[in-house]
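Me: I've got a model open and I'd like to learn how to read the ligand surroundings and the sheet. Can you walk me through it?

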Amino acid sequence: MQQELLTGNEAVARGAFESGVGVGVGYPGTPSTEILESFVGYPGVYAEWAPNEKVALEVGFGASLAGTRVLVTMKHVGLNVAADPFMTMSYTGVNGGLVLITADDPGMYSSQNEQDNRFYARFAQVPMLEPGDSQEARDYIKKAYLISEQFDTPVLVRLTTRLSHTRTPVLPGENPSGPVRRDWERNIPKFVMLPGYARNRHLVVEERRMRLQEYAETSDLNEILWGDRSIGIISSGVVYNHAREALGDGASYLKPGCVYPLPLKLISEFARQVGRLIVVEELEPFLEDQIKTAGLAVAGKDLFPRVGELDPQLIERGVRGSSRFKSYFPVPDGLPGRPPIMCPGCPHRSVFYVLHKLKAIVTGDIGCYTLGAMPPFEAMDACLCMGASIGASLGMEKARGGDFARRTVAVIGDSTFVHSGITGLIDHIYNKSTGTVIILDNRTTAMTGHQDHPATGLTLGKQEAAKIDLAALVRALGVEHVRTVDPYDLRSLAGRPGGDGPGRGVGDHRQPCLRPDQRGDVLKRDDAYGSMHRLQEVPAAGVPGPLPGRRSGAQGRRSVQRLFGLRAGLSAGKGGGRR
Ligand SMILES: Cc1ncc(C[n+]2csc(CCOP(=O)(O)OP(=O)(O)O)c2C)c(N)n1
Ligand code: SF4
């Protein structure tokens, strides 16, 4: 076997394949997405995108129960969505080994927060490994399956953006000639978490935690590197490599491979042999607090920032007070800022153009369309997490009344609607909202790199699949007014589903994403070349004058507002519009 240059994500996929993993399941989310995209290319494996992370872990649970080794992947916030099955899977344990990848995003390159998912390991009492480069990613994954089966536990492996997307050399190994499979036997007290059984399983978890603690102390994943003993660094993952780059032989290092549970006896032994003990870690003082609780004097967050990524410059400055390193990203003076914007011709643009013109109150969601909050549109008032737009608009309506609802529009992408918007819409229906919901159906999960989902008609492996008809689904849920609109047709786009009449409405705004790499795929699939000529009508970069085909000035504005059914809050002299 020859060394290969692999990203951390590709190395995880490789390690899973070499471990005989039979099932890979996840939901896209940067920086984790490419793991499954790489894994699906290996022979003899099954891999799928689930509609969301909770379902992904539940599929993983079933596959493990049936005796197969499973890889489950998600970004850090995805674990919030999967937290319910995850917390109880700690109790049930596994049959086939189950490794759950949490890809964290210190620095928030593409995330709504930078939560530190190491706490999930402690919260659920499951082991967490943290590799520092691609070789370790491959090696640790193989080790993680052994730990999972030996200790009967799901194992968390934490990646960060820097590791997921950096290529370093990997020496691959062999695949054990196909997926590893264990027998399946009914075991009700272990896998059916009725309170009576769960109480016993909690005791098992505690006993397992103590055995894992012992394992962590002697694990061959721990590394000690002796240099100048006046400074002793404790660090894990990618940050360990930054610390080595910053301090070289001027310090000694202990790198625990398992960050939960921590090898605290080994750390005390190391501490005895060095002068100043310093923990170098990104985000929260997760290691530092555990070491302090063990009674050791250690520095950490008093020297380094608690937000964002660390780099050699920050580490050297923290330890030595100054640094020889220059900033990684020096920005020459006078360069114009380049905030992210939607692609020219993007079908989302016209929607936000209209919402901007209408001065609608917009509860937004997560996807390319979140950029509707940016200039020139500035047509979004809230964006919290995937699926939150519809519930948030209902909350605003209930807080402020029906007239307010007529100005409120929830905007959600097709992938996000399937992920976690459907239940929000059910609440709209159940609790009698009169607000408007727009599903921006561009037939892909564009923001994370154009993955398929249950409403696109293709699987992760690009095989034909059932294609959920979103308009039919919404009707079946009980929405009275459903309109499917071409977002390039600005006139009809401005109309509220159901006109000015009462009742909630959903607009399914359907045009494929136009990224060049998508055209051949999505447009052809939908036979939508016919609409390309209308691209010229789409606002490219600005918010031009009145909507096409409309009169200018107050008259035109009123007419747009009427079309959208927003008279109550917006149109001068016409307050109290019908509901
Ligand atoms: C819980 C969670 N999982 C995954 C992500 C990553 N993510 C960001 S936007 C998005 C979906 C985007 O697809 P869609 O809603 O169809 O909008 P588009 O980008 O296609 O416009 C995903 C999966 C996330 N932010 N949060
Ligand atoms: S990638 Fe597609 S959905 Fe995203 S901004 Fe570009 S055209 Fe729009």
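Reply: Sure, and keep in mind that this is a predicted model. Start with ligand 1: there are 25 residues around it, and G29, G367, G413, S415 and A446 come nearest. As for elements, α4 (76-81) and α18 (414-430) are the ones that each give two or more residues to that shell.

Me: Which domains does the shell around ligand 1 draw on?

Reply: At least three residues come from domain 1 (4-218), and at least three from domain 3 (347-570).

Me: How do I read the chemistry of the shell around ligand 1, by class?

Reply: Sort the residues by class and count. For ligand 1 you get twelve nonpolar, eleven polar and two charged residues.

Me: Now ligand 2. Which residues come nearest?

Reply: Ten residues surround ligand 2, with C343, C346, C368, A446 and C513 nearest. Its shell splits into seven nonpolar, two polar and one charged. A446 is worth a click, as it is listed among the nearest for ligand 1 and for ligand 2.

Me: And the sheet? What is the strand order?

Reply: Read across the strands rather than along the chain. Here seven strands form an open sheet, ordered β3-β2-β4-β5-β7-β6-β12, and the pairing is mixed.

Me: Which strands stand at the edges?

Reply: Those are β3 (46-49) and β12 (258-260); each has a single partner strand, so one side of each lacks a neighbour in the sheet.

Me: How does β3 pair with β2?

Reply: In the parallel sense, over four bridges, with β2 covering residues 23-26. To find one bridge on screen, pick G26: its partner in β3 is W49.

How values were computed
Residues are numbered from 1 along each chain as its sequence is written. Chains are lettered from A and ligands numbered from 1 in the order in which they are written. This is a predicted model: local features need pLDDT of at least 70, side-chain atom pairs count only at pLDDT 80 or more; totals for chains, interfaces and linings use all residues. A residue is near a molecule or strand if its C-beta atom, placed from the backbone, lies within 6 Å of it. Ala, Val, Leu, Ile, Met, Phe, Trp, Tyr, Cys and Pro count as nonpolar, Asp, Glu, Lys and Arg as charged, and the others, Gly among them, as polar. Domain bounds come from an automatic or database domain assignment. Two strands pair if DSSP finds at least two bridges between them.
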